[in-house]
Amino acid sequence: MVMDSRQASTGTVIAEPVPIDLEWSTTALVIIDMQRDFMEPGGFGETLGNDISQLARAVKPIAALLEAARDRGILVVHTREGHSPDLSDAPPAKIERGAPSLRIGDPGPMGRILIRGEAGHDIISELYPLDSEIVIDKPGKGAFYATEFGDVLQKYGIENLLVCGVTTEVCVNTTVREANDRGYRCVVISDGCASYFPEFHEMGLKMIKAQGGIFGWVTDSASVLKAMQAETSNNLAAGASR
């Protein structure tokens, strides 16, 4: 059953440090940087020397959330990190940092590394956006920096963000911190995030929920899906009793 996109409905998500009530009409699912350059062989992630298989574990949980969000009309926002072909929005300090075999802008198996319009810059097929969904192209780690993301959230009256994607400690954490400073309530999906370094994933989640939820809440995909399903069941039961 497809729910009306603006129907006022609330679900309680079991989370840490405490459960959180979310009104779905003011909630967005934000999927961070599930791009081929980070997820697939030959991309930027692998050329940095990372084990890209560590990121694959987030795909199925995100796919389940994406399907549920689409079914009930929750706003979906995808982000992609990358740069213009002339690299005018890529600071030299970013391009030169580290010791990859290929750097941003260099030719790779899926086109120029992290360049907008190239195959590697695009989102993996399992989570590919619908034409109706919003895609934010960002030159930095956070989704708010030098993008229209904030304007989009204001336009749709969004107050709560369900955040997932890669990597936990970099682009996910940066976006959550930016959002927190702007007054958004962020709920991070633990199994819908991943890092090339499992210990960074664990600590990245701990930092978000520490000190009473200093940056937000942490939950898992099953808890969000359960909250959506429970609320839908309640609505159906209420309708049947009328």
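This tour moves from the whole chain to a set of paired strands and then to two individual residues.

**The model and its conventions**

The structure is a predicted model, in which local features need pLDDT of at least 70 and side-chain atom pairs count only at pLDDT 80 or more, while totals for chains, interfaces and linings use all residues. Residues are numbered from 1 along each chain as its sequence is written, and side-chain values use heavy atoms, with hydrogens and water left out.

**The whole chain**

Display the protein chain in full and colour it by secondary structure: there are eight helices and 10 strands. Helices (H or I, at least four residues) and strands (E, at least two) are DSSP runs, numbered from the N terminus. Along the principal axes, the C-alpha atoms fill a box of roughly 65 × 40 × 30 Å. The radius of gyration of the protein chain is 18 Å, in agreement with the value near 18 Å for a compact globule of 242 residues; the radius is taken over C-alpha atoms, and the globule rule is 2.2 Å times the number of residues to the power 0.38.

Next, colour by accessibility. Of the 242 residues, 52% are buried, where buried means under 20% relative accessible area, exposed over 50%, and partly exposed in between (1.4 Å probe, protein chains only). Among contacts with a separation of 6 or more, 73% are between residues 24 or more positions apart; a contact means heavy atoms within 4.5 Å.

**Strand E3**

Select residues 27-32, which form strand E3; six of its six residues are buried. Thr-27, Leu-29 and Ile-31 lie on one side and Ala-28, Val-30 and Ile-32 on the other, so that both faces are covered.

Add residues 75-81, strand E4, which pairs with E3 in the parallel sense over five bridges. Two strands pair if DSSP finds at least two bridges between them. Val-30 has Val-77 as its bridge partner in E4.

**Strands E8 and E9**

Now add residues 160-166, strand E8, which runs parallel to E3 and is joined to it by six bridges. To locate the register, select Leu-29, which stands opposite Leu-162, and Ile-31, whose bridge partner is Cys-164.

Seven of the seven residues of E8 are buried, so this strand is largely enclosed by the rest of the structure. Asn-160, Leu-162, Cys-164 and Val-166 point one way, whereas Leu-161, Val-163 and Gly-165 point the other way.

Extend the selection to strand E9, residues 185-194, which is parallel to E8 and connected to it by six bridges. Here Leu-162 stands opposite Val-187.

**Ala-69**

Move to helix H3, residues 59-72, and select Ala-69 within it. Ala-69 is buried, with a relative accessible area of 1%. Not counting residues up to four places away in sequence, Ala-69 touches Leu-29, Ile-74 and Val-76. For a distance check, select Glu-126 as well: its C-alpha atom is separated from that of Ala-69 by 15 Å, with their positions 57 residues apart along the chain.

**His-121**

The last stop is His-121, in the loop between strand E6 (111-112) and strand E7 (134-138). His-121 is buried, with a relative accessible area of 2%. Show its contacts, leaving out residues up to four places away in sequence: Gln-35, Asp-37, Arg-80, Glu-81, Gly-82, Ile-115, Arg-116 and Asp-137.
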